[in-house]
Amino acid sequence: MGHTGTDADVIVAGAGPTGLMLACELRLAGVDVVVVERLPARTGESRAGGIHSRTLEVLDQRGILDRFLAEGEPQPVGHFSGLYLDFDESESRHPYPLMILQSAVERLLEERAAELGVRVRRSAAVSAVGQDADGVTVGLETADGAAELRARYLVGCDGGRSTVRKLAGIGFPGTEATMTALIGDVELPGLPEDYVWVRRTPGGDYSAIAFQPGWYRVITSEYDRVADRDEPATFELLRESLVRVAGSDFGMRAPRWVSRFNDAARQADRYRSGRVLLAGDAAHIHFPAGGQGLNMGVQDAVNLGWKLASVVRGDAPEGLLDSYHDERHPVGERVLHNTRAQAALARPGAATDALREVFGSLMVFDDVNRVLRHMLTALDVRYPVDGDHPMEGRRVFDADLKTDEGVVGVYQLLHGGRPVLLDLCGGAGLAAVAAGWAGRVDLVAARAEDELWPVPPVGEVPAPAALLVRPDGHVAWAAEAGGEPDTAALRAALTTWFGPALAG
């Protein structure tokens, strides 16, 4: 869907998980997108190492989850600052964290992007951004010299030091680092057989996680030691840090890569500035406690993708893009808040040891475990929408539905990235309303197999009579079981999220 005077509808800066997922979402919706990436190739670095339940559901919604399950390893438990969390199998079809390296996530998403026809331009660093009433001009520094691309919109998915964010003049307030952590994938032939995955010491903590046979991900955290962020992270620095906190380097050898992170926490004060938007680490950085960063970025992309595509296609007004900030900024705030808490719980010292013991004793209670579990997995996220039904604003459960073609799950109906109006009561009025959005919203008549659907953190609720599911899997409107669907409210929801009804 090219436009006169543009090279693409949307330019995505950054080919990490967020940028690639966004590009896939846009292309699935028929939008012409090009990804620009400063690096010449994937590096193999894998800061992130896991995918939580809600992100697994998002991948399931697009029909590509099996690729990730084939390369990852489900884990029986999660953790909050190293304190174990249990999961509830009734809340999701995927009630577990999946251990999978970020490098594998990026490779699988890039393969998916290629299948959809996404163009990825590497060795192309953003150097200038200019926007006007009609679009955005992006200056690039490439291996062949300076270049320019023109698009209707630009999305910065270019990491915590985002050039796009800086050039767009978007503020990035937050708190400074108070510690330094080093991370690397190495061999540890001298690691004790009885090693537990994380150990706290008076100088900090360290962990060694076996991702592959013979290889360990080593992480050391030293508090009140703040390194210059421009100082290269080296194997020798990692070895020295491990000796300081563990008393041994366990024969560390053969590094694959080494990097550094800290507990600085910052968030963009706005996720949109005109035709420039931010997602992933470009919009928020935080201490990587609980493995939430990659997950939040992918969920940013899925929230933004269908909205941006609707605006580009002309189906919805540009104001729809403001809902991206309204919905995702509070989610980012909450993650920064809980990771600050986890960083505080990880600090060495007798006072923190006591606090961890008390906190851990509370986590054995189901209600406490549930709150923290939902916080980390994002299963409890509720976006602000009009309506009082407990499902509205929340992600829909992948319930089984009986249709004329057989039994299907709700997520199977979302594989095309289109909104779905589910008629679960045979209401003739729904089809009449849906006709105004023909071609934009899929109407599916079905019967719910289960009488109760899980809705974290509410609990189980009666299967609705009907519901409108957005492409990101969140419910825009729902009708109570046994009642007559409010078609006026349905029309309002359809107009809000998918633009005005077709004329005539």
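1. A residue is called buried when its relative accessible area is under 20%, exposed when over 50%, and partly exposed in between (1.4 Å probe, protein chains only). At 5% relative accessibility, Glu25 counts as buried. Glu25 lies in helix 1 (residues 17-28). Here helices (H or I, at least four residues) and strands (E, at least two) are DSSP runs, numbered from the N terminus. Before going on, please keep in mind that this is a predicted model, in which local features need pLDDT of at least 70 and side-chain atom pairs count only at pLDDT 80 or more, while totals for chains, interfaces and linings use all residues. Residues are numbered from 1 along each chain as its sequence is written, and side-chain values use heavy atoms, with hydrogens and water left out.

2. What is Glu25 in contact with, leaving aside its neighbours within four places in sequence? The partners are Arg62, Ala301, Val302 and Gly305, where contact means heavy atoms within 4.5 Å.

3. Val302 also appears in the next feature, the meeting of helix 2 with helix 7. The axes of helix 2 (residues 53-61) and helix 7 (residues 293-313) come within 9 Å and cross at roughly 40°. Axes are lines fitted to C-alpha atoms, for helices over the stretch in contact, and angles run from 0 to 180 degrees between N-to-C directions. The two helices are therefore oblique to each other; angles under 35 degrees count as roughly parallel, over 145 as roughly antiparallel, 65 to 115 as roughly perpendicular and the rest as oblique. The crossing of helix 2 and helix 7 is left-handed, a term for a near helix turned anticlockwise from the far one by less than a right angle (clockwise would be right-handed). Helix 2 brings Arg54, Thr55 and Val58 to the contact, and helix 7 brings Asn295, Val298, Gln299 and Val302. By type, the residues of this contact are three nonpolar, three polar and one charged. In that count Ala, Val, Leu, Ile, Met, Phe, Trp, Tyr, Cys and Pro are nonpolar, Asp, Glu, Lys and Arg are charged, and the others, Gly among them, are polar.

4. A second helix pair is worth a look. The axes of helix 8 (residues 322-346) and helix 9 (residues 350-362) cross at roughly 120° and come within 8 Å. Helix 8 and helix 9 are therefore oblique to each other. Ala344, Leu345 and Ala346 of helix 8 touch Thr352, Leu355, Arg356 and Phe359 of helix 9. This contact divides into five nonpolar residues, one polar and one charged.

5. Turning to strands, we can start with strand 29 (residues 466-469), which is covered on both faces: Ala466 and Leu468 on one side and Leu467 and Val469 on the other are all buried. In a regular strand the side chains alternate between the two faces of the sheet. Strand 29 runs antiparallel to strand 24 (residues 420-423), joined by four bridges; two strands pair if DSSP finds at least two bridges between them. Val420 has Val469 of strand 29 as its bridge partner. Four bridges also join strand 29 to strand 30 (residues 475-479), again antiparallel, and here Leu467 is partnered by Ala478. The hairpin of strand 29 and strand 30 has five residues between the strands, and in it Gly473 takes a positive phi near 90°.

6. Which strands stand at the edges of the open sheet with the order 23-22-26? Strand 23 (406-409) and strand 26 (447-448) do, each with a single partner strand, so one side of each is left without a neighbour in the sheet. The pairing in this three-strand sheet is antiparallel. Strand 22 (residues 400-403) and strand 23 share four bridges, with Leu401 opposite Val408.

7. A hairpin with two residues in its connection joins strand 14 to strand 15. Strand 14 (residues 198-201) and strand 15 (residues 204-212) pair in the antiparallel sense over four bridges, and Arg199 stands opposite Tyr206.

8. Finally, some backbone details to check. Most residues other than glycine have a negative phi, and most peptide bonds are trans. Ala254, in strand 17 (residues 253-261), has a positive phi near 55° and is partly exposed, with a relative accessible area of 36%. Ala378, in the loop between helix 10 (366-377) and strand 22, has a positive phi near 70° and is buried at 12%. The peptide bond from Pro456 to Pro457 is cis, with omega near 0°, and Pro457 sits in the loop between strand 27 (452-455) and strand 28 (459-462).
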